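Please look through the model shown here at your own pace, with the sequence beside it. The paragraphs that follow go from the overall fold to the pocket, the surface, the charged pairs and some details of the backbone.

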Amino acid sequence: GGQLVMFPEGTRTIRAPINPFRPGVTLIAHMAQVPIQTVVIETPSPYLGKDWPIWRAPQFPVVFSARLGQRFAPEADHQGLLKRLENYFASELSR
């Protein structure tokens with residue numbers, strides 16, 4: 001009954017709007033027969049990006065927004081679902 005948070009890229013984004021997704025998220029959803037609830041997190045700040053040095057403080061305030069996105073049902077074709085999920089995020093983040 002708990003929630004599992006996963007970042008489907010497997011790392012921080014280095015190529016806009018998203019990196020290729022890793023298949024774990026859709027495979028886990030298929031094996032557990034649970035839906036994937038997407039959450040879109042955005043910020044205009046480069047803080048926490050791949051090129052941001054860990055020792056460098058950001059300019060405050062750092063503002064993040066998070067919103068619930070589309071919910072995807074698990075599918076036996078988890079590779080197809082992975083592509084649809086990747087296309088969904090690319091579309092949402094290109095707005």
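How many helices and strands does the secondary structure of the protein chain come to? In this predicted model, the protein chain has two helices and two strands, and read from the N terminus its elements follow the order α-β-β-α. Helix H1 covers residues 24–32, strand S1 covers 36–42 and helix H2 covers 78–93, while strand S2 takes in residues 65–72. The C-alpha trace of the protein chain spans about 45 × 30 × 25 Å along its principal axes, and of the 95 residues in the protein chain, 25% are buried.

The largest pocket is a convenient place to begin, and its volume is about 1500 Å³. Its lining is made up of 40 residues, among which Met-6, Phe-7, Pro-8, Val-39 and Ile-41 are the closest to the centre. Helix H1, strand S1 and helix H2 are the elements that each give two or more residues to this lining, and S1 gives the most, with seven residues. By character, the lining of the largest pocket divides into 25 nonpolar residues, nine polar ones and six charged ones.

Some of these names return when one turns to the surface. A nonpolar surface patch of about 750 Å² is formed by Val-5, Phe-7, Val-39, Ile-41, Leu-48, Phe-64 and Leu-68; of these, Phe-7, Val-39 and Ile-41 are also among the residues closest to the centre of the largest pocket. Phe-64 is placed in the loop between S1 and strand S2, and with a relative accessible area of 43% it is partly exposed. Leu-48, another member of the patch, likewise has its place in the loop between S1 and S2, and its relative accessible area of 47% makes Leu-48 partly exposed.

The charged side chains add another layer to the picture, with a count of five salt bridges. In one of them, Glu-92 pairs with Arg-67, the closest N and O atoms being 2.9 Å apart. Because Glu-92 lies in helix H2 and Arg-67 in strand S2, this pair ties together parts that are 25 residues apart in sequence. Are the two partners buried or exposed? Glu-92 counts as buried, at 8% relative accessibility, a value that falls under the 20% cut-off, whereas Arg-67 is partly exposed, with a relative accessible area of 32%. Glu-92 also meets Arg-95 in a salt bridge, at 2.9 Å from N to O, and Arg-95 is exposed, with a relative accessible area of 75%. Through shared partners, salt bridges join Glu-42, Arg-67, Glu-92 and Arg-95 into one network.

A further salt bridge links Arg-84 with Glu-75, and here the closest N and O atoms are 2.2 Å apart. Both partners are partly exposed: Arg-84 has 38% relative accessibility, and Glu-75 has a relative accessible area of 28%. Arg-84 is found in helix H2, and although Arg-84 and Phe-72 are twelve residues apart in sequence, their C-alpha atoms lie 9.2 Å apart in space.

The loops hold several backbone details that are worth finding in the model. Which peptide bond is cis? The bond from Phe-60 to Pro-61 is cis, with omega near 0 degrees, and Pro-61 lies in the loop between S1 and S2. Leu-48, already met in the nonpolar patch, has a positive phi of about 75 degrees although it is not a glycine.

The loop between H1 and S1 contains Gln-33, whose phi is near 55 degrees, again a positive value in a residue other than glycine. Gln-33 counts as exposed, at 52% relative accessibility, since the cut-off for that class is over 50%. Pro-35 is also placed in the loop between H1 and S1, and with a relative accessible area of 38% Pro-35 is partly exposed. The C-alpha atoms of Pro-35 and Asn-19 are separated by 22 Å, with their positions 16 residues apart along the chain given as the sequence separation.

Terms used
Residues are numbered from 1 along each chain as its sequence is written. This is a predicted model: local features need pLDDT of at least 70, side-chain atom pairs count only at pLDDT 80 or more; totals for chains, interfaces and linings use all residues. Side-chain values use heavy atoms; hydrogens and water are left out. On a 1 Å grid over the protein atoms alone, a cavity is a set of points where a 1.4 Å probe fits but cannot get out, and a pocket is an open set with protein on both sides within 12 Å along at least five of seven lines; lining residues have an atom within 4 Å of a point. Grid points are joined across faces, edges and corners, and a volume is the space filled by probe spheres set on the points. Helices (H or I, at least four residues) and strands (E, at least two) are DSSP runs, numbered from the N terminus. Ala, Val, Leu, Ile, Met, Phe, Trp, Tyr, Cys and Pro count as nonpolar, Asp, Glu, Lys and Arg as charged, and the others, Gly among them, as polar. Patches are made of residues with over 30% relative accessible area and no salt bridge: like charges are joined within 9 Å, nonpolar side chains (Val, Leu, Ile, Met, Phe, Trp, Tyr) within 5 Å. Accessible areas come from the Shrake-Rupley method with a 1.4 Å probe; for residues, only the protein chains shown count as cover. A salt bridge is a side-chain nitrogen of Lys or Arg within 4 Å of a carboxyl oxygen of Asp or Glu. Buried means under 20% relative accessible area, exposed over 50%, partly exposed in between (1.4 Å probe, protein chains only).
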